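Q: Hi! Could you walk me through this one before I set anything up?

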Amino acid sequence: VRDGGETVVEVVAAAAADVEAFRTRITPAPLPTPTARRNGRSYVIAVVGPTGAGKTTTVAKLAASATAFGGWTTGMITLDTYRVAGLEQIATYAEICGCPLEVAYDVHDAMRAVDSLGHCDVLLIDTPGRSPKNGARDEEWWPLLKAMRPDEIHLVIPAGIRPDIAMVSYTAHLGMQPTHLLLSKLDDVPDDSGIADLASQIALPARWLTDGLDVPADLKSAPQRILAALGLVAAQVAS
């Protein structure tokens, strides 16, 4: 840090118990295996978050990733029928990934989509962008998501967002009961120094993060990257 025109080193220390508590909080439970599907039901993962957070691209990265779900087969469902060219974007990704896609406009469509893709091990649900001021629109699509009974809801937050705005967004999504944090667009920030702070503020486990536009290459495991921002080497990260 700079102090009176000179460069000085600031050492930040924490008790080992506090570090371990943080590690435990951000480390998600392992995904179930396809053979553990409950009564033949697909495992449903939804992404929610503010407009422009990168939700659609994140869904595409997850669908195309060879490592995110191992041998799982994936399907996509989009509820984002409001954004201009939104359907075209996710349809293009689905075609590139070779992944089946369903569009839901109402609760009936949502249930039909889940049934139609019942052969998939995991269903990835894209949702419209949400701001604290668009509650009326949420009332249109939130019942659709609830009807699909997601097993995980990942709150997508851009890494470069101001901390106070990140907390406003988190608070605005609390009614949707997010289960995980997914930091996106790490390539938009000069370094990772702030991502551990965001993870600490929001205090949700983090399974993945994204750091670029390449599909699926720029999807990474989150705990290792977040802990590395605190100076903890990968070998110390719990799997």
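A: Happy to; we can go through the overall make-up, the core, a pocket and a few single residues.

Q: Great. What kind of model is it, and how many helices and strands does the chain have?

A: This is a predicted model. The chain has eight helices and ten strands.

Q: And what share of the residues count as buried?

A: Of the 239 residues, 46% count as buried. If you take contacts between residues at least 6 apart in sequence, 77% of them join residues at least 24 apart.

Q: Nice. Which residues touch the most other members in the largest nonpolar core?

A: Those are I77, L79, L145, L183 and I226, in a core of 44 residues. Helix 7, residues 195-202, gives the largest share of this core, with five residues. Apart from it there is another core of 20 residues, including L62, A68, I90 and L182.

Q: Let's pick L145. What is it in contact with, beyond its sequence neighbours?

A: Leaving out neighbours within four places in sequence, L145 contacts A46, V48, L79, I125, T127 and P150.

Q: Now the charged ones. Is D126 buried or exposed?

A: D126 is buried, at a relative accessible area of 1%. Its place is in strand 6, residues 122-126.

Q: Which residues surround D126, then, going by contacts?

A: Outside the four places on either side in sequence, D126 has contacts with V47, K55, T56, V59, I77, T78, L79, D80 and I90. You'll recognise I77 and L79 from the list of residues that touch the most other members of the largest core.

Q: And E152, where is that found?

A: E152 is in strand 7, residues 152-158. With 3% relative accessibility, E152 counts as buried too. Its contacts, again without neighbours within four places, are L31, Y43, V44, I45, A46, T179, H180 and R207. Between E152 and T179 there are 5.7 Å from C-alpha to C-alpha, although the two are 27 residues apart in sequence.

Q: Switching topic: how many disulfides should I set up?

A: The count comes to zero disulfides.

Q: Why is C97 not bonded to C99?

A: Because the sulfur of C97 is 6.4 Å from that of C99, its closest cysteine sulfur, which is too far for a bond. C99 is in no disulfide either, and its nearest cysteine sulfur, in C120, is 6.4 Å away. As for accessibility, C97 is partly exposed at 22%, while C99 is buried at 7%.

Q: OK, pockets. How much space lies in the second largest one?

A: About 310 Å³. Its lining is made up of V12, A13, A14, D18, V19, F22, A196, D197, S200, L230, G231 and L232. Helix 1 (16-26) and helix 7 are the elements that give two or more residues to that lining.

Q: What does the lining look like by class?

A: It has eight nonpolar, two polar and two charged residues.

Q: Last thing, the backbone. Which peptide bond is cis, for instance?

A: The one from V215 to P216, with omega near 0°. P216 is in the loop between strand 9 (208-210) and strand 10 (219-221).

Q: What about phi of K185 and A203?

A: Both are positive in residues that are not glycine: near 60° for K185 and about 55° for A203. K185 is in the loop between strand 8 (180-184) and helix 7, and A203 is in the loop between helix 7 and strand 9. K185 is partly exposed at 29%, and A203 counts as partly exposed at 33%.

Notes
Residues are numbered from 1 along each chain as its sequence is written. This is a predicted model: local features need pLDDT of at least 70, side-chain atom pairs count only at pLDDT 80 or more; totals for chains, interfaces and linings use all residues. Side-chain values use heavy atoms; hydrogens and water are left out. Helices (H or I, at least four residues) and strands (E, at least two) are DSSP runs, numbered from the N terminus. Buried means under 20% relative accessible area, exposed over 50%, partly exposed in between (1.4 Å probe, protein chains only). Contact means heavy atoms within 4.5 Å. A disulfide is a pair of cysteine sulfur atoms within 2.5 Å. A nonpolar core is a set of buried Ala, Val, Leu, Ile, Met, Phe, Trp, Tyr and Cys residues joined through side-chain atoms within 4.5 Å. On a 1 Å grid over the protein atoms alone, a cavity is a set of points where a 1.4 Å probe fits but cannot get out, and a pocket is an open set with protein on both sides within 12 Å along at least five of seven lines; lining residues have an atom within 4 Å of a point. Grid points are joined across faces, edges and corners, and a volume is the space filled by probe spheres set on the points. Ala, Val, Leu, Ile, Met, Phe, Trp, Tyr, Cys and Pro count as nonpolar, Asp, Glu, Lys and Arg as charged, and the others, Gly among them, as polar.
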